[in-house]
Amino acid sequence: MATTRYTSNDLRRQVGSPRSKGRENKDTLCRNVLIYGHCRYEDQGCSFNHNQDKSSSPQADFGSKKTFNVESPSFTPSTQSQPTKKSTFSSQAASAAPFTPRGVSSESSQQSVLDIAESNKGFSAAPTLPQNSEATLLNPATIREFTPQNYDVGTTTSGNVVAQDNGVYNDPFTMGSITSTLPSTGQFNPYAAGDHGAMGGSGATFYPQHGAFSAAPLQPPNYHLYTPFDSHRQDLLPWQRATYDFFIPDKLREELQKKMFATQQTLPGSRLPQFHHWHSLVPLDTTGRKNTSSFDYPSWMYKAQNSKTGRHYALRRLEGFRLTNENPIITVMKAWKTIKNANIVTVHEAFTTREFGDSSLIFAYDYHPLSKTLQEQHFQPVQGARQRGPTLIPENVLWSYICQITNALRTIHNNDLAARCIELGKVIVSEKNRIRLAACSILDVVQFETNARSIQELQQEDLVKFGKVILSLATSTPTNHLTNLTVSLATVASRYSANFKEAVAWLISPPAPGETKSIGPFIGGIASQMTNYFDLALLQNDEEQAYLAKELENGRIARIMMKLSTINEHPDFAGQPNWSETGDRYQLKLFRDYVFHQVDAEGKPALSIGHMVRALNKLDASTDEAVLLTSRDNETVFVPTYRELRQMFDRAFNELVKNSQNGAPGSS
């Protein structure tokens, strides 16, 4: 390891002085005499002339010239003419006290300027400032502070100092004068399935029997504060990278953060009950209307947290259901708990409760935050019960829906079960074009004693409902408005391919007499589309694997940074007062400065993320590349390799770990 030290004496020898000049010239007037009036090297061998005549030029005879010394008075002009240039301070004024405008009166400001001018006597012949020029001096007392118009300053001050519980940044100016002119809206629902980026909208009033929201709605995080703009990729060279190339895409990161934010949200002042091991219930329905068309009982959806597992679940409640026998729940749940499929929302348990003021049946499902139903995704409600059809859905999207529902039905039917709830309002979209059946097993419990149909008939009904859902999406018509299937199929034939039309027609057509339809032959008929969808799923998996690899590297860097932070600037440890400043730890401190505290040639901070990532990765990989480490005073230089730094790093951290485990004094 090479170490080079530079001292201040080395630098001083490189600076010249009048006595170090090699030229002997008795006729040349010394430069120090011209500037300062005297030369402190006159008695130490300065070879220049130190006599100056006021009335003669430097080339005149110096025999009769008077000698200037320290006691010589400074030059003061007899009359001061009006200056044509701005008065400037000399270099000696740099040691003056810093200017502080607030709390300083005009008299003290003027006196400080006069003091600086007085201190310049003997150093510069620049004219002094006039003592009575009040107009040219800064008077902070006469400056009015900026006050925005149409805002209440008193309210603004109090609003800035109040801390927000959710940590959301608020506008520094109050909006009372603006919001008072806005029209009143309905009760706000912060947990609607819509875009959480527009959470300032209005929503319906939910569950008046449980009480209205008693607190102001929460706002989502300001994602725009740390989402960078896309860079012009054509301006980057092949080996150059933008900052976000080291991380997952901004859109994916923002989507995941929104889902986490929605999962952790609670309902302030909620009157919803807590029962068994379920708490923090939040309503998920976007309307307050009771709907009994699916299960013959009014149903509601809630988000709740399980105190046993700590996870969040979606609870579907059937209002007013009376269970006379526990056998249906035990039998049905035993069968459905074994169903594991990527296109089916897993059901975990079912139970009854009276905590809502009635006899309710509760089903607990996996919770997928910010999910929408196919009804909400493709049919937007307008003025109550009216529906508005969407624009034409691309055929590849419909094929992806068909492939996913087919995959779910194959698993269900192979286990001698039936979905029975294939509707636009019971199929959720959790990610882009990713759908799941969300209400399985409910009708099996509700109609356990009244159902007289066989499992084959129920599976036939699944295929018909499946075809009507796809037909509804393809024709932009709600399912209950599909009165003429022949006309609807003709519409499909005019919009999509013949293969798509034949697949939908096979699903909705009744089977031939004496025959039964099953999901197996249908899979064979759409094998080419299933293959295409499978290929797209693999490509998406490769893309997500690449994102995961980026985050894996970021995880390695995070561990290195945390360990390095425990070593740098560590206080007294194991009886050593300056443990982090001695031995190998000192070089690790210099390495920290090399990675995070670099500056450019002009002294500006160099904030290159690529340099930080590259240096930390080399340290983690223990490469043999040498690195130049310089102390802050530039007097000490080390040239270790990354392998040597990693060895120092491991020794220092293991020492901390050893003392921490043994409980030695000074351990952390």
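This note covers a small set of residues and strands in a predicted model.

1. **The sheet.** Three strands form an open sheet in the order 9-12-13. The pairing is antiparallel. Strand 9 (372-373) and strand 13 (434-437) are the edges, each pairing on one side only.

2. **Strand 9 against strand 12.** Strand 12 spans residues 427-431 and runs antiparallel to strand 9. The two are joined by 2 bridges. Within this pairing, Lys372 stands opposite Val429 of strand 12.

3. **The UniProt record.** An unreviewed UniProt entry lists a "binding site". Its positions are Arg316, Asp366, Tyr367, His368, Pro369, Leu370, Ser371, Lys372, Thr373, Gly425 and Lys426. From this set, Leu370 and Lys372 belong to the lining of the second largest pocket. Please keep the annotation and the computed pocket apart when reading the model.

4. **Lys372.** This residue lies in strand 9. The UniProt entry includes Lys372 among its "binding site" positions, and Lys372 also helps line the second largest pocket. Is Lys372 buried or exposed? Neither: its relative accessibility is 28%, so Lys372 counts as partly exposed, since that class lies between 20% and 50%.

5. **Gly425.** Where does Gly425 sit? Gly425 is in the loop between helix 9 (395-414) and strand 12. Its relative accessibility is 31%, so Gly425 is also classed as partly exposed. With neighbours within four places in sequence left aside, Gly425 is in contact with Thr373 and Gln375. Of these partners, Thr373 is listed with Gly425 in the UniProt "binding site".

Methods: Residues numbered from 1 in each chain as written. Predicted model: local features only at pLDDT ≥ 70, side-chain atom pairs only at ≥ 80, totals over all residues. Heavy atoms only, no water. Pairing = 2+ DSSP bridges. Helix = DSSP H or I, 4+ residues; strand = E, 2+ residues; numbered from the N terminus. UniProt positions renumbered as here; feature names shortened; annotations may be inferred. 1 Å grid on protein atoms, 1.4 Å probe; cavity = no way out; pocket = protein on both sides within 12 Å on 5 of 7 lines; lining within 4 Å. Buried < 20%, exposed > 50% of the residue type's maximum accessible area, 1.4 Å probe, protein only. Contact = heavy atoms within 4.5 Å.
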